[in-house]
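Visitor: Please take a close look at one single residue of this protein, and then set it in its wider surroundings.

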Amino acid sequence: MSNLKITPLAIPDVLVIEPKKFGDHRGFFSETYNARAFADAGIDLRFVQDNHSYSAEPGTLRGLHYQGAPHAQDKLVRVLRGRILDVAVDLRRSSPTFGKWVSAEISAEAWNQILVPAGFAHAILTLEPHTELLYKVSNYYAPSHDFGIRWNDPELAIDWPISEDKVILSDKDAKQPFLKDVADLFD
Ligand SMILES: Cc1cn([C@H]2C[C@H](O)[C@@H](COP(=O)(O)OP(=O)(O)O[C@H]3O[C@@H](C)C(=O)[C@@H](O)[C@H]3O)O2)c(=O)[nH]c1=O
């Protein structure tokens with residue numbers, strides 16, 4: 001029996017993945033990533049970099065981010081501490097869901113992960129203080145191809161559970177362009 005429970009979201013390329021967690025009197029054990037189990041489940045990716053980020057305050061929003069081709073990244077995101085709303089936006093022009101978004105709550109407590117494939121922009125909003133993410137990516141960081149879209153682009157109309165005056169952003173993310181002005185999308 002597989003140790004992975006996989007649930008596609010409304011855009012079915014975006015997956016929520018729950019690895020099995022074995023609890024005992026000491027604590028727990030979990031295989032949070034197993035290349036063979038993922039491949040058996042149809043997720044045949046090669047991850048090359050692990051990223052760890054910490055956000056002190058709830059309401060911290062990182063995104064929307066993506067790396068352009070040929071450096072596009074699949075991202076397998078999990079939460080070590082705290083809770084996030086994770087959002088993925090389809091940037092594949094030929095996709096029937098181009099410009100549409102999906103979201104899922106990912107948390108240390110739920111022990112779930114989200115797979116955001118290449119071709120999507122990605123953002124996270126922290127819902128608790130001291131939230132830490134660990135995520136695997138399938139391509140190396142390429143600053144020359146590190147692109148973004150404004151988190152509150154009205155064309156995307158993402159239903160963020162936070163008001164604009166409360167959100168905590170990087171200087172870069174506060175000034176990201178709108179989707180209509182972005183040239184480097186995907187086919
Ligand atoms: C993403 C990245 C950043 N950095 C550096 C650049 C910068 O000085 C510092 C912080 O970078 P950022 O402000 O871009 O970090 P952050 O806003 O956390 O960016 C991340 O957001 C989430 C939503 C994603 O999906 C990730 O792919 C990534 O884009 O870290 C690396 O050295 N390697 C990397 O892979």
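Guide: Leaving aside residues up to four places away in sequence, Thr97 touches Ile11 and Asp90; a contact requires C-beta atoms, placed from the backbone, to lie within 7 Å. The model is a predicted one, in which local features need pLDDT of at least 70 and side-chain atom pairs count only at pLDDT 80 or more, while totals for chains, interfaces and linings use all residues. Residue numbers start from 1 along each chain as its sequence is written.

Thr97 belongs to the loop between strand 8 (83–90) and strand 9. Strands (E, at least two residues) and helices (H or I, at least four) are DSSP runs numbered from the N terminus. Thr97 counts as partly exposed because it has 16 C-beta neighbours inside 10 Å. On this scale, 20 or more other C-beta atoms within 10 Å make a residue buried, 12 or fewer make it exposed, and values in between make it partly exposed, with C-beta atoms placed from the backbone. Between Thr97 and Leu127, which are 30 residues apart along the chain, the C-alpha separation is 27 Å.

The strands on either side of this loop lead to an open sheet. Five strands make up this sheet in the order 9-8-11-6-13, with antiparallel pairing; two strands pair when DSSP finds at least two bridges between them. Strand 9 (101–107) and strand 13 (146–148) each have a single partner strand and stand at the edges, so one side of each lacks a neighbour in the sheet. On average, neighbouring strands of this sheet are turned by 30° against each other, direction ignored; axes are lines fitted to C-alpha atoms, for helices over the stretch in contact, and angles between N-to-C directions run from 0 to 180 degrees. Within the sheet, three bridges pair strand 6 with strand 11 in the antiparallel sense, and Arg62 has Ile124 of strand 11 as its bridge partner.

Arg62 and Ile124 are also among the residues around the ligand, which include Asn51, Ser53, Gly63, His65 and Tyr141; a residue is near a molecule if its C-beta atom, placed from the backbone, lies within 6 Å of it. Strand 5 (49–55), strand 6 (61–67) and strand 11 (120–126) each contribute at least two residues to this shell. Its composition by class is three nonpolar, six polar and three charged residues. Here Ala, Val, Leu, Ile, Met, Phe, Trp, Tyr, Cys and Pro are nonpolar, Asp, Glu, Lys and Arg are charged, and the others, Gly among them, are polar. Gly63 of the shell is joined to Leu64 by a cis peptide bond with omega near -5°, and Leu64 lies in strand 6. A cis bond also links Ala69 and Pro70, with omega about 0°; Pro70 sits in the loop between strand 6 and strand 7.

Strand 7 leads to a six-stranded open sheet, ordered 1-2-10-7-12-5 with antiparallel pairing. Strand 1 (4–8) and strand 5 are at its edges, each with a single partner strand, so one side of each has no neighbour in the sheet. From one strand to the next, the twist averages 25°. Inside this sheet, strand 7 (residues 75–81) and strand 10 (residues 113–116) run antiparallel and are joined by four bridges; Leu76 has Leu115 of strand 10 as its bridge partner.

Two loop residues deserve a remark on their backbone angles. Trp111, in the loop between strand 9 and strand 10, has a positive phi of about 55° although it is not a glycine. Trp111 is partly exposed because 16 C-beta neighbours lie inside 10 Å. His130, in the loop between strand 11 and strand 12 (131–137), likewise has a positive phi, near 55°. His130 has 12 C-beta neighbours inside 10 Å and therefore counts as exposed.

For the whole protein, there are two helices and 13 strands. Of its 187 residues, 31% count as buried. Among contacts between residues at least 6 apart in sequence, 83% join residues at least 24 apart. The radius of gyration is 16 Å, which agrees with the value near 16 Å for a compact globule of 187 residues; it is taken over C-alpha atoms, and the globule rule is 2.2 Å times the number of residues to the power 0.38. Along the principal axes, the C-alpha atoms fill a box of roughly 50 × 35 × 30 Å.

Conventions: Contact = placed C-beta atoms within 7 Å.
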